[in-house]
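Reader: I would like to learn how to read the features of a protein model with care. Could we take them one by one, with the general idea before the case?

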Amino acid sequence: MGQGTTVRVDGRELRLSNLDKVLYPAAAFRKADVVDYYRRIAPVLLPHLAGRPPTLVRAPDGPAGERFFEKRCPPHHPEWVPTAVVVTGGGHRGCVIEELAALVWLANLAALELHTHQWTVADPWHPTAVVLDLDPGPGASVLDCCRVALELHGVLDRLGLELMVKTSGNKGLHLSIPLNTTDATDDDTKQFALALGQLLEARDPKRVTVNMAKEQRSGRVFVDWSQNDNHKTTIAPYSLRIADRPRVSTPLTWDEIDDALAGGDADALSFDAPDACARVEQHGDLYERNLTVQQELPRL
């Protein structure tokens, strides 16, 4: 692709620009490659964006340049990109991204990261999942997150609850308990996530904390339960991250978590864009059940 190209995507005409610009220098990954990645990953990514106007993190000059969050749909958006009111964020209108052309349009804006709420615009008062962000502090690693994730997986299995896992695309892991009902509020999911974090901390206080103070996190995994606030967002599965390489927040199997921990292999849980596409070709969407499984939270 050249510096400026007009393309048609599912009948929509788009003007793509600066396609040869390198956005991830460590991997020589250009803007054209970003567009191509989001085109290829769209069949599994779009269902996770449906009804959830994303907060965009744009980085026109890659990880070394300026980056900015954009909650409002850009005023110059194509007329065929619908918008919806984000009621928990002050009433601004966000982009509704539910078709391939809209995703390609975002990629052309260098909207590298896509962050979504746990609710949909159809029902912003009932989250579709409980989320926990396992963030390793100084001296801890993603393998420590694996240990905590497996412990929690066992706890929830005994409660009859299914738990999904993906990489954050950065240092840690993201866990999700799918709900997909109208029974729980964000207060319910936040309190349940906090209770789980406190249980994990009580079992292993030297390795786990729910304390947000950064000075308390050294050598520990911070279980961030506050991600369940209805105004907060979490990186979407299959979204790129802004880093030295085009790393992806990648869904995992529990066997992969087991194997990485047993082998002491943190690199086994790091995936770039080409890896993510290959995994989808082999496994399909490992996070699909987060959208379909219906579960109820037990009473605390």
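Author: What follows is a conversation about the fold, one helix, the cysteines, the aromatic rings and one loop residue. Please keep in mind throughout that this is a predicted model.

Reader: Let me begin with the whole chain: how many helices and strands does the secondary structure come to, and what radius of gyration does the chain have?

Author: The chain comes to six helices and 15 strands. For its overall extent, one sets the radius of gyration against the value that a compact globule would have: with 300 residues that value is near 19 Å, and the chain agrees because its own radius is 19 Å. The C-alpha trace spans about 55 × 40 × 35 Å along its principal axes, and 54% of the residues count as buried. If one takes contacts between residues at least 6 apart in sequence, 68% of them join residues at least 24 apart.

Reader: Which residues of H4 are buried, and what covers them?

Author: The general idea comes from the helical repeat: an α-helix has 3.6 residues a turn, so residues three or four places apart point the same way. In H4, the buried residues are Asp186, Thr189, Lys190, Phe192, Ala193, Leu194, Leu196, Gly197 and Leu200. The cover over these buried residues includes S10, helix H3 (142-158), strand S12 (173-178), strand S13 (208-209) and strand S14 (221-224). As for length, H4 runs over residues 186-203, has 18 residues and reaches 26 Å from its first C-alpha to its last, close to the 26 Å expected.

Reader: Turning to the cysteines, which of them does a disulfide join, and why is that disulfide right-handed?

Author: Here one looks at the sulfur atoms, where a pair within 2.5 Å is taken as a disulfide. The count comes to one disulfide, joining cysteine 73 to cysteine 95 with an S to S distance of 2.0 Å. The torsion about its S-S bond is about 100 degrees, so the disulfide is right-handed. This pair links distant parts of the chain, 22 residues apart, with cysteine 73 in the loop between strand S6 (68-70) and strand S7 (83-85) and cysteine 95 in strand S8. Both cysteine 73 and cysteine 95 are buried.

Reader: And why is there no bond for the sulfur of cysteine 145?

Author: The closest cysteine sulfur, in cysteine 146, is 7.1 Å away, which is too far for a bond. Cysteine 145 is buried, with a relative accessible area of 0%, and cysteine 277 is buried as well, at 6%.

Reader: How many aromatic pairs are there, and which rings have a charged end over them?

Author: For two rings one considers the distance between centres and the angle between planes. The count comes to two aromatic pairs; one of them is tyrosine 24 with phenylalanine 29, whose centres are 5.9 Å apart and whose planes stand at 75 degrees, so the pair is edge-to-face. Tyrosine 24 is buried at 0% relative accessibility, and phenylalanine 29 is buried at 10%. As for charges, the charged end of arginine 279 sits over the ring of phenylalanine 271, 4.4 Å from its centre, while arginine 217 lies over the face of phenylalanine 222, at 4.0 Å from the ring centre.

Reader: Finally, is alanine 122 buried or exposed, and where is its place?

Author: Alanine 122 counts as exposed because its relative accessibility is 75%, where the cut-off is over 50%. Its place is in the loop between strand S9 (111-116) and strand S10 (129-136). The C-alpha atoms of alanine 122 and serine 168 are separated by 26 Å, with the two residues 46 apart along the chain.

Conventions:
Residues numbered from 1 in each chain as written. Predicted model: local features only at pLDDT ≥ 70, side-chain atom pairs only at ≥ 80, totals over all residues. Heavy atoms only, no water. Helix = DSSP H or I, 4+ residues; strand = E, 2+ residues; numbered from the N terminus. Buried < 20%, exposed > 50% of the residue type's maximum accessible area, 1.4 Å probe, protein only. Phe/Tyr/Trp six-rings, centres within 6.5 Å; stacked < 30°, edge-to-face > 60°. Lys NZ or Arg CZ within 6 Å of the ring centre and 35° of its normal. Expected span 1.5 Å × (residues − 1). Contact = heavy atoms within 4.5 Å. Rg over C-alpha atoms; globule rule 2.2 N^0.38 Å.
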